[in-house]
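Work through these exercises with the structure open beside you. Try each task before you read its solution.

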Amino acid sequence: MKEELLGKLKDAVINGDPEEVSKLCRRVIEAGIDPMEAIEKALVAAILELGDTWVRGEAFIADLVAAADAMKTGISILKGEIVKRGGSIKYRGRAIIGTVEGDIHDIGKSIVATLWEASGFEVIDLGVDVSPQRFIEAIKQYNPDIVGMSALMTTTMLKQKETIEAIKQAGLRDKVKIVIGGAPTTEEWAREIGADGWAPDAISSVELIKRLLGIRD
Ligand code: B12
């Protein structure tokens, strides 16, 4: 039953069918399936599978855009359930997160933001294509404990470095912990550019920010 439902959900994302995705996500919640498992095994699995097909030249970019939109519909429904299960009322810290300038990939960043929120953090999502200046303004405006930067391309990961430099220049580096992520990034890259931490996925990013803020539970 669970595998069948998740299989159908994955197909609906690949087919770029948001109505079917919403219907199936509601069924996932009704069936008591862990929403994070549904995100990983159906939604993310679908986008990666279609991405491979696209890289092989067997799908069009329009297919990928439609699938990503269908996926976002699914995440917004499952997110409500994840946050509800997190059950937190008092925030344990505040984070801002964004995908760096020149990069419009937002799926991974949004999953990270959702899990941080579900783990009791107040999260301000700055969206995609976020300039160094916008990160600086947001640090001044929101006074966060954590700044998260996502980059999905080898070209745009350089902007993570530039943004950290700009935050230093603005005299704000000591006020925040900076964590980075995204498929082309590594722990070594994080060290090289002076970030405080790196995580390979959303689940371990929660442990990372808790550790950086000295939160134990
Ligand atoms: C979906 C997708 C798209 C969609 C994006 C839709 C959307 N709304 O996000 C669309 C079709 C729009 C797109 C566009 C492009 N794309 Co694209 N895309 C992908 C694809 C297939 C999947 C990315 C994804 O969503 N992965 C799933 C998520 C869940 O994984 P993730 O992002 O890595 O996130 C996880 C971790 O990395 C981590 N994480 C992520 N962020 C953060 C942040 C922090 C702080 C932390 C701690 C952790 C963390 O946690 C996340 C969850 O576990 C990848 C290929 C691939 N296999 O990765 C190519 C890929 C990234 N794209 C690529 C390219 C080239 C492009 C385009 C330039 C194509 C074009 N010619 O127009 C444009 C980019 C335009 C731009 N300026 O940004 C290349 C990049 C190559 C490179 N130079 O490095 C890739 C690798 C494909 C390839 N093999 O060629 N793309």
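**Exercise 1. Pairing around Ala95**

Task: Find which residue in S2 stands opposite Ala95, and which residue in S3 is its bridge partner.

Solution. This is a predicted model. Step 1: look towards S2, where Val123 stands opposite Ala95. Step 2: look towards S3, where the bridge partner of Ala95 is Ile146. Step 3: take the strands as wholes. S1 (93-100) and S2 (121-130) run parallel and are joined by seven bridges. S1 and S3 (146-150) also pair in the parallel sense, over five bridges.

**Exercise 2. The whole sheet**

Task: Give the order of the five strands in the open sheet, and say which strands stand at the edges.

Solution. Step 1: read across the sheet. The order is S2-S1-S3-S4-S5, with parallel pairing. Step 2: look for strands with a single partner. These are S2 and S5, so each has one side without a neighbour in the sheet. Step 3: check how enclosed S1 is. Seven of its eight residues are buried, so the rest of the structure largely encloses S1.

**Exercise 3. The cobalt atom**

Task: Name the only protein donor of the ligand's cobalt atom, and place this residue in the chain.

Solution. Step 1: search around the cobalt. The only protein donor is His105, through NE2, at 2.3 Å. The cut-off for a donor here is 2.8 Å. Step 2: place His105 in the chain. His105 is in the loop that lies between strand S1 and helix H5 (107-118).

**Exercise 4. Two faces of a helix**

Task: Are the buried residues of H6 on one face of the helix or not on one face?

Solution. Step 1: list the buried residues. In H6 (residues 132-142) they are Pro132, Phe135, Ile136, Ala138 and Ile139. Step 2: look down the axis of H6. The buried residues fall within an arc of 165°, so they line one face. Step 3: recall the helix rule. An α-helix has 3.6 residues a turn, so residues three or four places apart point the same way. Step 4: turn to the face of H6 away from the buried side. This face carries the exposed residues Lys140 and Gln141. Step 5: find the cover. S1, S2, S3 and helix H7 (157-169) are included in what covers the buried residues of H6.

**Exercise 5. Positive phi angles**

Task: Is Asn143 buried, partly exposed or exposed, and what about Asp129?

Solution. Step 1: take Asn143. This residue comes just after H6, in the loop between H6 and S3. Asn143 is not a glycine, yet it has a positive phi of about 50°. Step 2: apply the cut-off. Exposed means over 50%. At 55% relative accessibility, Asn143 counts as exposed. Step 3: take Asp129, which is in strand S2. Asp129 is not a glycine either, and its phi is positive, about 55°. With a relative accessible area of 43%, Asp129 is partly exposed.

**Exercise 6. Domains and cores**

Task: How many residues of each domain are in contact with the other, and which element gives the largest share of the largest nonpolar core?

Solution. Step 1: split the chain. The domain assignment gives domain 1 (2-86) and domain 2 (93-212). Their C-alpha centres lie 24 Å apart. Step 2: count the contacts. 13 residues of domain 1 are in contact with eight residues of domain 2. Step 3: turn to the largest nonpolar core, with 47 residues. Leu9, Val28, Leu43, Met71, Ile111 and Trp116 touch the most other members. H4 gives the largest share of this core, nine residues. Each domain gives the core at least three residues. Step 4: look for another core, lying apart. This one has 23 residues, including Ile139, Val147, Leu172 and Val176.

**Exercise 7. Two buried residues**

Task: What are the relative accessibilities of Ile193 and Lys210?

Solution. Step 1: recall that buried means under 20%. Step 2: find Ile193 in the loop between helix H8 (187-192) and strand S5 (197-198). Its relative accessible area is 4%, so Ile193 is buried. Beyond its sequence neighbours within four places, Ile193 is in contact with Gln160, Lys161, Ile164 and Ile180. Step 3: find Lys210 in helix H9. Lys210 has 9% relative accessibility, so this residue is buried. Leaving out residues up to four places away in sequence, Lys210 touches Arg92, Phe121, Ile215 and Asp217.

How values were computed. Residues are numbered from 1 along each chain as its sequence is written. This is a predicted model: local features need pLDDT of at least 70, side-chain atom pairs count only at pLDDT 80 or more; totals for chains, interfaces and linings use all residues. Side-chain values use heavy atoms; hydrogens and water are left out. Donors are N, O and S atoms within 2.8 Å of the metal (3.2 Å for Na, K and Ca); water is not among the atoms, so sites may look incomplete. Helices (H or I, at least four residues) and strands (E, at least two) are DSSP runs, numbered from the N terminus. A nonpolar core is a set of buried Ala, Val, Leu, Ile, Met, Phe, Trp, Tyr and Cys residues joined through side-chain atoms within 4.5 Å. Buried means under 20% relative accessible area, exposed over 50%, partly exposed in between (1.4 Å probe, protein chains only). Domain bounds come from an automatic or database domain assignment. The arc is that of the directions from the helix axis to the C-beta atoms. Contact means heavy atoms within 4.5 Å. Two strands pair if DSSP finds at least two bridges between them.
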